[in-house]
Amino acid sequence: MTSPRKAFVVGHPIAHSRSPLIHGHWLSAHGLPGSYERIDVGPEAFPAFLAGLREAGFVGGNVTIPHKEAAYRLVDIRTPRAERIGAVNTLSLDEAGRLVGDNTDATGFVAHLDATLGADWLDTTGIAAGRPALLLGAGGAARAIAVGLLDRGVPRLLIANRTAARAEALRALDPHRIGTLAAAEVPGRLAEVGLLVNTTSLGMAAAPGLPADPAPLPPEAAVADIVYVPLDTPLLAAARARDLRTVDGLGMLLHQAVPGFARWFGVTPQVTPALRALIVADIEG
Ligand code: ATR
């Protein structure tokens, strides 16, 4: 008899990670005997933690703040998408015992856009007809989302960031399709934008505020936020008040978890209303 499969999420701090709730829900929904635990490991101990995974009986796990870039450097093999994003959020051990690093943030973000706006959102937002998508922020999350949007076929992507040099650095992903804006130029350019995405921390409970006023956006535009505490961010509320379509930050968290679960436990899980409700109750409780 084979023993139940074990997976984890590792980070520092890790107490507030919702990943154990997500994977625990799927394990019981599918009647699977595996486990998924949260593990707090600081930066100094992280390399040894990775080296000991096989010995500890894990099949894989998730990596979160502050270890995504270290995991990228330390794995034996990277998937092409992890390679482009420069960070790893999903680990698995292959048959030969090699540690494989993947990044599911880009596809998680896009899967949630598709689910919320409908698969034809490139057309309905005006992006297919030439409106650019505009990313606010240029950190690790912005990089993953830029890769996701480019791979989904967005022809023009603008990036604006408080620190202009970081936005410039992201341009290297695809200098033909990506342009940069100075933060001060954003309000004057919104009238042409089809999709506005906030990847900054502005709007979080600890940093309340609007990363940009969505009022000038055209009526067909959609507004996405990756902040999910609170779930209804000031940006999303302002967009809704203008009757613009909105995409919340929780869906990316739920959808990025799908490929890892499928790899570790052998069943592709669904992002259902019941799962959403469970996590929303946790956020609001
Ligand atoms: P993550 O990996 O989650 O993207 P990060 O790399 O720390 O986190 O990036 C946070 C993003 O939020 C950055 O784009 C940051 O802008 P800077 O590059 O100028 O630091 C942005 N950000 C954070 N606080 C901000 C604020 N008060 N105003 C504007 N942008 C802010």
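**Close-up 1. Where helix α1 meets helix α13 in this predicted model.** On the α1 side, the contact is made by L21, I22 and H25. Facing them from α13 are L275, L278, I279 and D282. Sort these contact residues by type and you get 5 nonpolar, 1 polar and 1 charged.

**Close-up 2. How α1 and α13 are laid against each other.** Here we stay with the pair and look at the geometry. Two packed helices are described by the angle between their axes and the distance between the axes. Helix α1 covers residues 19–29 and helix α13 covers residues 273–284. Their axes sit 10 Å apart, and the packing angle is about 150°. Angles over 145 degrees count as roughly antiparallel, so α1 is roughly antiparallel to α13. As for handedness, α1 passes α13 in a right-handed crossing.

**Close-up 3. The two domains and the side of domain 1 that touches domain 2.** Domain 1 is put together from two stretches, 6–104 and 257–284, while domain 2 is 106–251. Taken over C-alpha atoms, the domain centres are separated by 26 Å. The contact draws 12 residues from domain 1 and 11 residues from domain 2. On the domain 1 side, α4 (80–85) and α13 each bring at least two residues. The largest share there comes from α13, with 4 residues. By type, this side of domain 1 divides into 5 nonpolar, 3 polar and 4 charged residues.

**Close-up 4. The crossing of helix α5 with helix α7.** Helix α5 runs over residues 105–117, and helix α7 over residues 140–151. Their axes come within 8 Å and cross at roughly 60°. The two helices are therefore oblique to each other, and their crossing is right-handed. From α5, the contact uses D105, A106, T107, F109 and V110. From α7, the partners are A144, I145, V147, G148 and D151. Split by type, the residues of this contact come out as 6 nonpolar, 2 polar and 2 charged.

**Close-up 5. The stretch annotated in UniProt, residues 9–91.** An unreviewed UniProt entry lists these residues as "domain: Shikimate dehydrogenase substrate binding N-terminal". In the model, the C-alpha atoms at the two ends of the stretch lie 10 Å apart. Helix makes up 36% of the span and strand 23%.

Technical notes: Residues are numbered from 1 along each chain as its sequence is written. This is a predicted model: local features need pLDDT of at least 70, side-chain atom pairs count only at pLDDT 80 or more; totals for chains, interfaces and linings use all residues. UniProt positions are given in the numbering used here, feature names are shortened, and annotations may be inferred rather than shown by experiment. Axes are lines fitted to C-alpha atoms, for helices over the stretch in contact, and angles run from 0 to 180 degrees between N-to-C directions. Angles under 35 degrees count as roughly parallel, over 145 as roughly antiparallel, 65 to 115 as roughly perpendicular and the rest as oblique. A crossing is left-handed if the near helix is turned anticlockwise from the far one by less than a right angle, and right-handed if clockwise. Two residues are in contact if their C-beta atoms, placed from the backbone, lie within 7 Å. Ala, Val, Leu, Ile, Met, Phe, Trp, Tyr, Cys and Pro count as nonpolar, Asp, Glu, Lys and Arg as charged, and the others, Gly among them, as polar. Domain bounds come from an automatic or database domain assignment.
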